[in-house]
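Good morning, colleagues. Please look at the sequence and the model as they appear on the screen.

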Amino acid sequence: MAHGPATLADGLPKYLARWLFTTNHKDIGTLYLWFSFAMFLMGGSFAMIIRAELFQPGMQLIKPEFFNQMTTMHGLVMVFGAIMPAFVGLANWMIPMMIGAPDMALPRMNNLSFWILPFAFAILTATLFMEGGGPNFGWTFYAPLSTTYAPDTVNYFIFGVHIMGASSIMGSINIIATVMNMRAPGMTYMKMPLFVWTWLITAFLLVAVMPVLAGAVTMMLMDINFGTSFFDAAGGGDPVLFQHIFWFFGHPEVYIIILPAFGVVSQIIPTFSRKPLFGYSSMVYATAAIAFLSFIVWAHHMFTVGMPIAGELYFMYATMLIAVPTGVKVFNWITTMYRGSLTFETPMLFSIAFVILFTFGGFTGMMLSIAAADIQYHDTYFVVAHFHYVMVAGAVFSGTAAVYYWLPKWCGKMYDETMGKLQFWIAFIGFNITFMPQHFLGLAGMPRRYADYGLQFADWNMVSSIGAFMYGGAQLLFLYNVVRTIGWGKPTDDPQVWEDAVGLEWTVPTPAPYHTFEKPPVVN
Amino acid sequence: MAARTIHRKLLLQLSAGAVVMFAFAIFVLPPLYDLFCEVTGIGGKTGGAYEAVAIEVDTSREIEVQFVATNNATIPWDFYPTEERIVVHPGESRAVTFFARNRTGRDMVAQAIPNVLPNNAADYFHKTECFCFNSQPLAAGEQAELDLVFIIDPDLPVSVNTVTLSYTLFDITDRSEALQVSLVQ
């Protein structure tokens, strides 16, 4: 087959049919990435509504009921619609090319796992236009808010979560099968690029905990419609049980989001430092250690439910233990850069910002892990600031870096470095203006998930909103940059794209042909 | 084709893993949670009906027992203890009453859910008779004196001098029509 992106001349079905019926890992990766970007813009516009309402104290633009729907939908769409599918898209594109496989192991299931996602989010989003409104109980959907007091549309929400869970499980099984069965000869486990390693571990996490989430929403469904009382104290159940089950899923979930981001950064930093990754095997072990620890720390989200002191101490120390493998990773990234020949292209800028801001978010996480102090911080903007430092400056910055890093390989065109850097600086400054003040608000006692606030919080909220609009604008610039690169970027056919980039994906022609590694490469 | 077979095998294994985790969440975690709370007593739940045995009353100790009644959500009943606090000796059987009145114009069924604080006292608070063992049907405007007979176990940890028993009253009218509620509490 000829080089370059597939065209109709290659005998592919036309227009919509090509995308609907595709089983090609690159096509499906592209679908995932565009879908996640659309969800990112939608979830982002919910955030803009939230920040516009919080620009000044008092109620100006929307009703409190709608505000609650916005915070809930923002969280759900960003976690399940934007970040997770974005990394699945990167996995689809890159994992076969990184391990020398011709495609994913189960291509038709791959197609299915993508194409049920738009339906899940159509169902979820449609609730906003229904009587009673969309989900309004926070993205953590604690019972009884999400059962006894939920709007009738909660059943759509449950169905949507079931579908996206099924999609994630199928996607992960596919990744595990690809990595375990389809590595090129000589590509031993300990030679795999770190992005593949982090995704392999993430996929196991997903297979383990997405069914638990499905179980949680199924129990909600039963409580709401079939008269069971899993979470209803009136019938002998316990609402606290919901929180335990949710966070048994929810804590591994945050590592599901961040581990592939670690992988991306571990690919990019060595390239632009022109040095191999420092401490490769310690990176692999640290990833596995984080994944293991993520299962035994869940109740640190629930320090205020009234746990016995022994439980609080256990979850506190176990949580703090996660700082050790995470510290190993941060140390390795910094040491990779140390005395390297650094250049600061856009992907590298985002990666360095990732290391700095993620570490910052990690430190506020350490503060939150202190059981005694958490009672003050719990459910304040301090928590909001903390998880946006790790989710946005962590996962989203890393995803953005990945797109700039691999986009030339995908489409054979270079992005405009000046425009990329412009986006980085607007995003970096906007992000910090948005979320840094939220630490102060939280420490001063501003609770999260409220449509209004006391006058003493007015100034920092206004600053935070201005930063949010700036950060939102940076995403439109991102869209512009990507579209302009694909359409009108400077063509390149250098297989390596980046000087000294290492890995099998840089040995295939640029742009990556529709089919790669039909004959497996030999890895020495 | 060999590749196909190994992919299928892995697919089946991992799918089975996912199904196991789903079943684990629904069928194992809730009972495990209840068991854990029961064994450690940290849920604050009291046990079922207690068979009174002749035990010596420990007159050297005085325990203050406080009663709290809460209406869940907005169940429009009057519900309060007739005595808010009493002082008892461990081993002594005492009877108290709660007052309940259905203020609405329709027949309702309510269920009181008990909770004991401090957590380490829950296992030592024995109820030989309690209205909370059954649901409470009250016709429109009807009122009732609800009985509770309890014994504080003499083995109550010495650090505990005050025990708070709280009842939260839930409206289970809809539920009790649909199915027979039987609670062990």
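I shall discuss one helix contact between chains, then one buried helix, and finally one residue.

This is a predicted model, in which local features need pLDDT of at least 70, side-chain atom pairs count only at pLDDT 80 or more, and totals for chains, interfaces and linings use all residues. Residues are numbered from 1 along each chain as its sequence is written, chains are lettered from A in the order in which they are written, and side-chain values use heavy atoms, leaving out hydrogens and water.

I begin between the chains. H6(A) packs against helix H1 of chain B, residues 2–40, at an angle of about 140°, with the axes 10 Å apart. H6(A) is therefore oblique to H1(B); oblique covers angles that are not under 35 degrees, over 145 or from 65 to 115. Contact means heavy atoms within 4.5 Å. Among the residues making this contact are A:Ile169, A:Ile173 and A:Met180 of H6(A), and B:Leu10, B:Leu11 and B:Leu14 of H1(B). By class, the contact has ten nonpolar, three polar and no charged residues.

Next, helix H5 of chain A, residues 117–126. Its buried residues include A:Leu117, A:Phe121 and A:Leu124, where buried means under 20% relative accessible area with a 1.4 Å probe, protein chains only. What covers the buried residues of H5(A) includes helices H2, H3, H4 and H6 of chain A.

Finally, where is A:Thr319 placed? A:Thr319 lies in helix H10 of chain A, residues 309–321. With a relative accessible area of 10%, A:Thr319 is buried. Not counting residues up to four places away in sequence, A:Thr319 touches A:Val297, A:His300 and A:Ser369.

Note on methods:
Helices (H or I, at least four residues) and strands (E, at least two) are DSSP runs, numbered from the N terminus. Buried means under 20% relative accessible area, exposed over 50%, partly exposed in between (1.4 Å probe, protein chains only). Axes are lines fitted to C-alpha atoms, for helices over the stretch in contact, and angles run from 0 to 180 degrees between N-to-C directions. Ala, Val, Leu, Ile, Met, Phe, Trp, Tyr, Cys and Pro count as nonpolar, Asp, Glu, Lys and Arg as charged, and the others, Gly among them, as polar.
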